[in-house]
Amino acid sequence: MRANLKPAVISAVVVVVLSGLLMGVRLNQDGTGLSLVGAGPDVYWKIAAAAAFMFFYNLFRDHLAALWKAMPGLPKTPTQLIEVSKKPILRRLFWCFLIALAILWPFISNRGGTDLATLVLIYVMLGLGLNIVVGLAGLLDLGYVGFYAVGAYGYALLAMYFDIGFWTGLVAAGALAALFGFLLGFPVLRLRGDYLAIVTLGFGEIIRILLNNMTWLTNGPNGIGGIPKPTLFGLEFSRRASEGMQSFHEFVGIDYSSEHRVIFLYLLALLLVLITLFVINRLLRMPIGRAWEALREDEIACRALGINPTVVKLGAFTIGASFAGFAGCFFAARQGFISPESFTFIESAIILAIVVLGGMGSQIGVILAAIIMTVLPEMAREFNEYRMLLFGLMMVLMMIWRPQGLLPMNRPHLELRT
């Protein structure tokens, strides 16, 4: 226990400093002394509880490890724990628990938490789509935000000029983004590595500049407003329905609440994410999924096996872009207003960071990384000017200590025992 005393104290101090910074606690000079400002007593109690937990855990971790090993029926080593976690029944229970928690979230959280969770789901969808291109096919794409913009502007323009509804616009936006992905695939068929990254980066910037300059079509930097919101079987989530429509609260017979729309948008985003996960899992079990992984490992060996890299690359760009189009359409409908400033290069960098941070090819890793990359900036609003510095520092630390990502993809493999 004496050997663990120093690490326990250091870990507690680190928790106090980092938690205080994230929650806005700072030192203020008051005459000749210093005082803590920026938070109330409830925040101090939370920081103290977290520090106490880390202190006692590190102090008694040897005893806890011995107690764990003494309990029968529990995995004793990390290898045994990994083997247990791979059991199909446990994986299904984990996913069922995760989905049930996601469905209940808007009913146990406040409006701000539901809005933030909806934003997380948008980035999850974008991360899963880019994961096909980067994580599975091994094609470095720095212009993924271009497909996101195509989906958003595709639905906005269809709604503005042709009075298209959300559900029709969702299909059209996905198809339009897939078309752009297919067209982008042709110029990059013979490119790889840095050259591929430069071309895709140029594609993203070309899309943004076109949206900014084509004022006769896209309204330029002023953006497009008044984008129709999603409806549920023709029911609108507004206080007064438009002509020929009916509002949700009147149909159900309840009082109007603005939270109904927030909850509906969250559940709709969750449904889109679940559909994305289902489609990608099915694709991974098909020959196209195996071909993506073969292309990522070695393109020359891929050709030797009789796989056509042209078809594989075009398939990866097309399918990955379609999910970005769906996410863009939902983003435009949720916001009600879009402009070219919403689709800058930093968005592509964040989506790529989600894929790399979570683990190349790992779906649960992408979900975890999307939560981290979206929630942490909201918790550290006091340090918004240092956002990019913290963002770069986190990526550097990940490359040093865990280059494979938080939850790397588990692939089938064989081992020879000697």
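**Briefing: cavity, surface patches and salt bridges**

One cavity of 30 Å³ or more is counted in this structure. The model is a predicted one. Beyond the cavity, its surface carries a patch of positive charge formed by R91, R282, R285 and R290, together with a nonpolar patch of about 800 Å². The structure also contains four salt bridges.

**Internal space**
- Rolling a probe the size of a water molecule over the atoms reveals where empty space remains.
- The largest cavity encloses about 30 Å³ of space.
- Its lining is formed by E236, F237, S238, F248, H249, Y256, S257 and H260.

**Nonpolar surface patch**
- F97, L101, I103, L104, W105, F107, I108 and L267 make up this patch, which covers about 800 Å².
- Helix α5 (residues 88-108) supplies the largest share of the nonpolar patch, namely seven residues.
- W105 is one of the patch residues, and W105 is located in helix α5.

**Positive surface patch**
- Four arginines, R91, R282, R285 and R290, gather on the surface as a patch of positive charge.
- Of these, R290 belongs to helix α13, which spans residues 287-297.

**Salt bridges**
- A salt bridge joins R334 to D115, with 3.7 Å between the closest N and O atoms.
- This pair connects distant parts of the chain, as R334 sits in helix α15 (residues 309-335) and D115 in helix α6 (residues 111-136), 219 residues apart.
- In total, the structure holds four salt bridges.

Definitions and conventions:
Residues are numbered from 1 along each chain as its sequence is written. This is a predicted model: local features need pLDDT of at least 70, side-chain atom pairs count only at pLDDT 80 or more; totals for chains, interfaces and linings use all residues. Side-chain values use heavy atoms; hydrogens and water are left out. Patches are made of residues with over 30% relative accessible area and no salt bridge: like charges are joined within 9 Å, nonpolar side chains (Val, Leu, Ile, Met, Phe, Trp, Tyr) within 5 Å. Accessible areas come from the Shrake-Rupley method with a 1.4 Å probe; for residues, only the protein chains shown count as cover. A salt bridge is a side-chain nitrogen of Lys or Arg within 4 Å of a carboxyl oxygen of Asp or Glu. Lys and Arg count as positive and Asp and Glu as negative; His and the chain ends are not counted. The place of a charge is taken as NZ of Lys, CZ of Arg, CG of Asp or CD of Glu. Helices (H or I, at least four residues) and strands (E, at least two) are DSSP runs, numbered from the N terminus. On a 1 Å grid over the protein atoms alone, a cavity is a set of points where a 1.4 Å probe fits but cannot get out, and a pocket is an open set with protein on both sides within 12 Å along at least five of seven lines; lining residues have an atom within 4 Å of a point. Grid points are joined across faces, edges and corners, and a volume is the space filled by probe spheres set on the points.
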